[in-house]
Amino acid sequence: MTIGIIGAGRVGCSIGKYLSGQKDAQVIGYYDTDAQSANEAARFTGTDSFSLEELVGLSDTLFITTPDGIIEKAWDRIKEMSLTNKIICHFSGSLSSVVFSGIETTGASGCSIHPMLAFSDKFTSYQQLHHAFFTVEGDKRAVEVMSLLLRSMGNEVCLIDKEKKALYHTAASILSNQVVAVLDTGYRLLTECGFDRKEAVKATQTLVRNNVENVIRQDTVAALTGPVERGDTVTVEKHLSCLGGSDEKMYRVLAGKLVELAQIKNPQKDYTQLKELL
């Protein structure tokens with residue numbers, strides 16, 4: 001398998017580096033509208049940079065690792081080239097393989113691949129791909145070939161319904177990006193108590209880490225603790241009195257979700273007063 005990568009950003013660099021050295025999957029290099037980025041990615045992965053036409057011609061598999069808004073534009077350019085028997089993949093979490101409109105007339109097979117991983121850094125995120133869980137959907141041939149490759153590298157792979165891609169990506173975004181927003185709110189409130197930002201992060205690292213590890217180990221209901229789970233209306237009322245604006249709205253929404261979990265954990269407990277407060 002010879003792989004050409006279109007898009008030399010964080011995802012493209014990470015995937016290329018992750019696959020470097022694989023005997024059965026050789027990354028030959030990159031194309032990017034920013035030639036400097038393509039050259040940088042090529043140096044990082046020990047490959048080369050090419051024109052789009054050269055890359056498509058030399059590759060039997062093409063990875064489109066551009067931002068979501070550019071995937072369709074990239075496809076519109078390459079679908080006019082000779083693609084017979086090639087595999088075309090994109091790495092968007094929210095878009096499905098449907099974005100490859102008219103692929104059935106080109107002789108190529110398409111799929112979407114998405115690693116459950118936040119690519120925070122162009123040159124180090126590849127190290128986490130060894131532990132990443134991948135989802136894949138699309139044409140049968142493309143799905144089978146790419147699933148086999150990923151599993152050969154030790155990754156778990158799950159086939160997903162293309163109609164569920166947007167919902168899947170929403171879930172991943174909540175679990176990743178929106179958790180960051182919650183943490184940022186907590187850190188900011190601590191700075192209002194006199195902590196500086198670094199102190200706030202350091203002081204709560206054990207609290208945050210243990211909470212996440214407890215959820216992973218025993219799921220959300222069993223891991224639930226705190227005033228909402230206890231049905232401590234007085235404490236929750238004090239919390240609300242400290243907040244205003246969007247912080248209060250967020251607290252009320254999240255506390256309402258916690259009540260739902262608490263009722264599962266403690267079916268004998270009456271949370272009526274707490275729900276009325278929220």
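Leaving out neighbours within four places in sequence, Thr185 is in contact with Asp247 and Met250. The model described here is a predicted one, and Thr185 is found within helix α6, which covers residues 165-191. With a relative accessibility of 10%, Thr185 counts as buried, because the cut-off for that class is under 20%. The points below take up aromatic rings, a helix crossing, and several individual residues.

**Aromatic pairs**

- A pair of aromatic rings is described by the distance of the centres and the angle of the planes.
- By the rule applied here, which asks for ring centres within 6.5 Å, the count of aromatic pairs comes to four.
- In the pair of Phe63 and Phe91, the ring centres are 5.0 Å apart and the planes stand at 65°, so this pair is edge-to-face, given that planes over 60 degrees apart fall into that class.
- Because Phe63 lies in strand β4 (residues 61-64) while Phe91 lies in the loop between β5 (87-90) and β6 (109-115), the pair ties together parts that are 28 residues apart in sequence.
- Both partners are buried: Phe63 has a relative accessible area of 2%, and Phe91 has a relative accessible area of 10%.
- Elsewhere, Phe44, Phe123 and Tyr126 are linked into a cluster by ring pairs.

**Lys17 and the ring cluster**

- Lys17 lies over the face of Phe44, at 4.9 Å from the ring centre, and Phe44 is one of the residues that ring pairs link into the cluster with Phe123 and Tyr126.
- The charged end of Lys17 also sits over the ring of Tyr126, where the distance from the ring centre is 5.9 Å.

**Helices α7 and α10**

- The axes of helix α7 (residues 197-223) and helix α10 (residues 245-265) come within 10 Å and cross at roughly 95°.
- That crossing makes α7 roughly perpendicular to α10, because angles of 65 to 115 degrees count as such.
- On the α7 side the residues that meet the other helix are Thr220, Val221 and Ala222, and their counterparts in α10 are Leu261, Ile264 and Lys265.
- Sorted by class, the contact of α7 with α10 has four nonpolar residues, one polar residue and one charged residue.

**Buried residues in α1 and α2**

- Ser14 is placed in helix α1 (residues 10-19) and is buried, with a relative accessible area of 0%.
- Apart from neighbours within four places in sequence, Ser14 is in contact with Phe119, Asp121, Lys122, Ser125, Tyr126 and Leu129; of these, Tyr126 also belongs to the ring cluster with Phe44 and Phe123.
- Ala41 is placed in helix α2 (residues 35-45) and is likewise buried, with a relative accessible area of 0%.
- Again leaving aside neighbours within four places in sequence, the contacts of Ala41 are Ala8, Cys13, Tyr30 and Thr47.
- Ala41 and Phe100 are 59 residues apart in sequence, and their C-alpha atoms are 25 Å apart in space.

**An exposed loop residue**

- Cys242 has its place in the loop between α9 (233-241) and α10.
- The relative accessible area of Cys242 is 64%, and this residue is therefore exposed, since the class begins over 50%.
- Cys242 and Ala108 are 134 residues apart in sequence, and from C-alpha to C-alpha they are 59 Å apart in space.

Technical notes. Residues are numbered from 1 along each chain as its sequence is written. This is a predicted model: local features need pLDDT of at least 70, side-chain atom pairs count only at pLDDT 80 or more; totals for chains, interfaces and linings use all residues. Side-chain values use heavy atoms; hydrogens and water are left out. Rings of Phe, Tyr and Trp (its six-membered ring) pair if their centres lie within 6.5 Å; planes under 30 degrees apart count as stacked, over 60 as edge-to-face and the rest as tilted. Helices (H or I, at least four residues) and strands (E, at least two) are DSSP runs, numbered from the N terminus. Buried means under 20% relative accessible area, exposed over 50%, partly exposed in between (1.4 Å probe, protein chains only). A charge sits over a ring if NZ of Lys or CZ of Arg is within 6 Å of the ring centre and within 35 degrees of the ring normal. Axes are lines fitted to C-alpha atoms, for helices over the stretch in contact, and angles run from 0 to 180 degrees between N-to-C directions. Angles under 35 degrees count as roughly parallel, over 145 as roughly antiparallel, 65 to 115 as roughly perpendicular and the rest as oblique. Contact means heavy atoms within 4.5 Å. Ala, Val, Leu, Ile, Met, Phe, Trp, Tyr, Cys and Pro count as nonpolar, Asp, Glu, Lys and Arg as charged, and the others, Gly among them, as polar.
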